[in-house]
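Biologist: Please take a close look at how the charged side chains pair in this model. A single connected account would be most useful.

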Amino acid sequence: MSRRDDLSPDDRRIWARVSGSVTPQRRIKAQLMPVGILDPDPPAAPRPTGKPKPKVTKAAAAAAPVFTSAPQPTRTRGLPEELEPRRKRRLSRERDPIEAKIDLHGYGRFQAQDALTAFLMGAQARGYRSVLVVTGQGRRGGTGVIRASVHEWLQAPALRTVVSGFAPAARHHGGDGALYVTIRRA
């Protein structure tokens with residue numbers, strides 16, 4: 001009996017979600033050296049002479065070139081960004097239409113994530129450009145589980161091809177308990 005047979009359907013769903021959110025490390029291939037290049041007899045180490053090694057001054061060390069690796073980009077390519085202030089203002093004043101809305105009140109954490117993913121993928125397939133996601137503010141003024149997790153969900157690898165940006169909604173659209181989400185073209 002394999003280990004996968006021991007998992008319940010909920011455990012399989014949770015494992016699929018966890019394994020889908022992980023991005024594998026890039027493997028760096030070792031460079032292959034042709035066989036003829038290897039020297040069977042490495043050169044002998046130089047004999048020490050009676051001369052002392054030159055001292056390196058601070059000025060010389062500062063002037064010496066420092067070799068570093070290429071600078072890494074600060075954000076991963078395709079990661080959703082904060083909406084531009086102008087776009088957010090147009091959405092809040094309804095000059096750019098909010099083409100669809102989803103309310104995640106009453107959902108559990110995993111059901112809300114599944115519903116949000118399906119909603120955003122469907123909105124992209126229909127050609128929508130901006131939607132409203134209502135998460136709610138949580139109980140008794142605290143941060144709710146869905147509200148705390150929705151940023152992570154929108155930046156997950158599964159939705160990087162769908163979501164181009166998001167920002168908190170204006171007060172009349174739900175305030176802190178809602179988000180404007182802009183969608184990439186299919």
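Modeller: Arginine 13 and aspartate 10 lie three residues apart in helix α1 (residues 9–20), so about one helical turn separates them; helices (DSSP H or I, at least four residues) and strands (E, at least two) are numbered from the N terminus. The two side chains form a salt bridge, with the closest N and O atoms 3.7 Å apart; the term requires a side-chain nitrogen of Lys or Arg within 4 Å of a carboxyl oxygen of Asp or Glu. The model is predicted, with local features needing pLDDT of at least 70 and side-chain atom pairs 80 or more, while totals for chains, interfaces and linings use all residues. Numbering starts from 1 along each chain as its sequence is written, and side-chain values use heavy atoms, without hydrogens or water.

Arginine 13 has a relative accessible area of 29% and is therefore partly exposed, as is aspartate 10 at 48% (buried is under 20%, exposed over 50%, partly exposed in between; 1.4 Å probe, protein chains only). The structure holds three salt bridges, and helix α1 also contributes arginine 17 to one of them. Arginine 17 meets aspartate 114 there, with an N to O distance of 2.1 Å. This pair links distant parts of the chain, since aspartate 114 belongs to helix α4 (residues 109–126) and the partners are 97 residues apart. Arginine 17 is buried because its relative accessibility is 16%, whereas aspartate 114, at 36%, counts as partly exposed.

Another salt bridge joins aspartate 96 to arginine 90, the closest N and O atoms being 3.1 Å apart. Here the acidic partner is the buried one: aspartate 96 has a relative accessible area of 16%, while arginine 90 is partly exposed at 34%.

Two further charged residues, glutamate 94 and arginine 95, lie in the loop between α3 (85–92) and β2 (100–103). Glutamate 94 is exposed at 53% relative accessible area, and arginine 95 is exposed at 55%. The backbone of glutamate 94 also deserves a remark: its phi is near 60°, a positive value in a residue other than glycine.

As for the setting of these contacts, the protein comprises five helices and five strands, arranged from the N terminus as α-α-β-α-β-α-β-α-β-β. Buried residues account for 27% of its 186 residues. Strand β5 (residues 178–183) is largely enclosed by the rest of the structure, because six of its six residues are buried. On one side of β5 these are Ala178, Tyr180 and Thr182, and on the other Leu179, Val181 and Ile183.
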